[in-house]
Every structure is written in C-alpha cells, then in structure tokens.
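Welcome! Let us take a friendly tour of one protein model, topic by topic. Here it is:

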Amino acid sequence: MIQITGPATFWLTAVLFFIAIFGRYVLFSIVFWWVFKVSMKDQFASREVQLRPRKAGQDWREIGWSAVTSLIFTAIAMGVILAYQAGFTQIYTDIHRYSLLWYPVSILVVLFIHETYYYWLHRWMHQPGIYRWVHKTHHDSLTTSPWTAFSFHPLESTLQAIIIPALTFVIPLHLTAVGLILILMTLSSAVNHLNTEIYPKNFDHHWLGRWLIGATHHSLHHTQFRFNYGLYFTFWDKWMKTESPDFHRTFGEKTSNSISSEK
Ligand SMILES: [Zn+2]
Ligand SMILES: [Zn+2]
C-alpha cells in the first residue's frame, strides 16, 4: 500500500499515477486500434449520418488533450490518496469489512450515480454559452477513434473527474473496486469512441445490450449533437427521449456491414 511520507514519495506516487492513467489510455487505444483493426473511415451506410474523414493531425491533438486530462486525473487522484491516508474517505482494504455482496453492488451504485451525473452534466455542457468553453474541444472530433477517449478541455476533465473521488467520501468502496471502476471507465470510453461497432447484430435489442452504450450509439452523439448523451448506459437517453431516432437503423446497418465486407 502506498504511503506518502514526504515530497519525494508524493512526487514519485504522482509520476506513477500519471504513467498508470495515461499509459492505460494509450494501451487501450493501441489495443483497440490494432486488434479490432479499427477503420477510421466512414462506416455508415446511411446517407443522413455521413461521417467526415478524420482531420489531419487529429490523432496528435486528441493525444495531447488526453495527456492534459491524465494530468488532471492524477492531481485529483493525489488528493484522494492524501485524504485516504488521513482517514477521510470510505475506501476500505479488508474485503470482509462489509458483506461480499456489497462489492458488486457498490460498483453498480457508483456506475449508476456516475451515469446520472454525467448525463445531466453533458446536457448542461451542450447549452449555448457553456458548450464553446467547456465541451467544444471534445466535439472537435466529428469522427472519433479510441484516441478521442480522453480528449477533453481541462474544464470538462475537471468536471468529469470530481464525481468518483467525491463518492469515495460517502460510499464504502473496496480499494480494488475503485481500480475496477476506473478501468471500466477507460474501457467504456475507448469502446464508445471506436467508431467501429464491436457488438454483435441485434445486440441493440438484447435484454442487456439495449442498456449498454457502444460505438454506434456514441458516434451518433458526435455527428448529430442533439442525441445520445449517456456515458455507460442508455437508460437516461431512453427515459428523457434523447436517444437518436436513427440509432437502431444505423446499428443494424453497421453490424450487417461488418460481417460481409471490407478488409
Ligand atoms: Zn457532447
Ligand atoms: Zn465522445
């Protein structure tokens, strides 16, 4: 367990955290880029939702913003570590301190609260007057890729980053559950910006799949702006009727294309 005892261990921990956070982003992005052979071309067959090709220099611009985001996440993580050491957080290390059932439930509770926070934050960030200062950086990526996953303006990164640390002060979370949530967050962001659908055909109607956001769902947010504000799950978009009317058709087109065609 990390013990920060002075400036040297503080900065060493900060550097290790930055490497872990930014490294995890780079790793996931590279894995998705190569393993899934992500094509950065327009995969949409639909005429109404044409995508433009990725802009020149877009990869490096997104990686640059993602490095800044990782720095902000690191700074906030350092704050949580100091608070944890001082005994202010509810993070625990003895798995038997609460019922074992609490472990998965605590993760679901955090994901639900994170989803709710992000959905409404995201709606707010699309308000005229807020959008250009906070959220436009992320939407400069009309055609996304895994590199877009952390490409946010520092104001947006900060707003996004505060919720999970805040929850560690009120919800008892096992240390590894916190790690798992952060991995899920990065994984989900990489998948959602993939621009290549990796879910199987008809998954958008599956009992579980219909509640999960994926590449097609979030791609439509980047091309249409007015729909699909969710983070991990589709329920707020369904409840608030902000799911794109083109979603199911586009999902069908993308999943049938991916079976037949291109190299
Ligand atoms: Zn947006
Ligand atoms: Zn996005």
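Let us begin with an enclosed space: helices α3, α6 (154–161) and α8 each give at least two residues to the lining of the largest cavity. Please keep in mind that this is a predicted model. Besides its cavities, the model has zinc ions to look at, with ligand 1 held by five histidines, H122, H126, H135, H139 and H221, and ligand 2 by H138, H193, H218 and H222.

**The largest cavity**

- The structure contains two cavities of 30 Å³ or more, and the volume of the largest is about 210 Å³.
- A total of 18 residues line the largest cavity, and A149, F152, Q160, S189 and L231 are the closest to its centre.
- Which helix supplies the largest share of this lining? That is α8, with four residues.
- Sorted by class, the lining of the largest cavity has nine nonpolar residues and nine polar ones, with no charged residues.

**The second largest cavity**

- The second largest cavity has a volume of about 70 Å³.
- Its lining is made of 14 residues, and those closest to the centre are Y199, G209, L212, F247 and F251.
- Helices α9 and α11 (247–260) are the elements that provide two or more residues to this lining.
- The largest share, three residues, comes from α9.
- The lining of the second largest cavity includes three charged residues, along with six nonpolar and five polar ones.

**The largest pocket**

- Now for the largest pocket, which holds about 650 Å³ of space.
- Of the 26 residues that line the largest pocket, F17, A77, V80, V178 and L182 lie nearest its centre.
- Two or more lining residues come from each of these elements: α1 (7–35), α2 (58–85), α6, α7 (163–167) and α8.
- By class, the lining of the largest pocket has 21 nonpolar residues, four polar residues and one charged residue.

**The zinc ion called ligand 1**

- Each of the residues H122, H126, H135, H139 and H221 uses its NE2 atom to coordinate the zinc ion (ligand 1), at 2.0 to 2.1 Å.
- Along the chain, the donor residues of ligand 1 follow the spacing H-x3-H-x8-H-x3-H-x81-H.
- Two of these donors, H126 and H221, link distant parts of the chain, as they are 95 residues apart. You can find H126 in the loop between α3 (102–125) and α4 (131–134), while H221 sits in helix α9.
- Are H126 and H221 buried or exposed? Both are buried.

**The zinc ion called ligand 2**

- The protein donors of the zinc ion (ligand 2) are the NE2 atoms of H138, H193, H218 and H222, at 2.0 to 2.1 Å from the ion.
- Why is the arrangement around ligand 2 irregular? The angles between its four donor atoms run from 95 to 157°, and a tetrahedral arrangement would need all angles to lie between 85 and 135 degrees.
- The sequence spacing of the ligand 2 donors is H-x54-H-x24-H-x3-H.
- The pair H138 and H193 joins distant parts of the chain, with their positions 55 residues apart. H138 belongs to helix α5 (residues 136–139), and H193 to the loop between α8 (175–192) and α9 (215–224).
- H138 counts as buried because its relative accessibility is 2%, and buried means under 20%.
- H193 is buried too, at 3% relative accessibility.

**Two leucines to find**

- L184 is found in helix α8, and with a relative accessible area of 33% it is partly exposed.
- Apart from neighbours within four places in sequence, L184 is in contact with I107, L111 and Y232.
- The C-alpha atoms of L184 and S70 are separated by 16 Å, and these residues are 114 residues apart along the chain.
- L155 lies in helix α6 and, at 46% relative accessibility, counts as partly exposed.
- Beyond its neighbours within four places in sequence, L155 is in contact with W133 and V134.
- Between the C-alpha atoms of L155 and H139, 16 residues apart along the chain, the separation is 14 Å.

Note on methods. Residues are numbered from 1 along each chain as its sequence is written. Chains are lettered from A and ligands numbered from 1 in the order in which they are written. This is a predicted model: local features need pLDDT of at least 70, side-chain atom pairs count only at pLDDT 80 or more; totals for chains, interfaces and linings use all residues. Side-chain values use heavy atoms; hydrogens and water are left out. Donors are N, O and S atoms within 2.8 Å of the metal (3.2 Å for Na, K and Ca); water is not among the atoms, so sites may look incomplete. Four donors count as tetrahedral if all angles lie between 85 and 135 degrees; four count as square planar and six as octahedral if opposite donors are over 155 degrees apart and all others between 65 and 115; anything else is irregular. Buried means under 20% relative accessible area, exposed over 50%, partly exposed in between (1.4 Å probe, protein chains only). On a 1 Å grid over the protein atoms alone, a cavity is a set of points where a 1.4 Å probe fits but cannot get out, and a pocket is an open set with protein on both sides within 12 Å along at least five of seven lines; lining residues have an atom within 4 Å of a point. Grid points are joined across faces, edges and corners, and a volume is the space filled by probe spheres set on the points. Ala, Val, Leu, Ile, Met, Phe, Trp, Tyr, Cys and Pro count as nonpolar, Asp, Glu, Lys and Arg as charged, and the others, Gly among them, as polar. Contact means heavy atoms within 4.5 Å.
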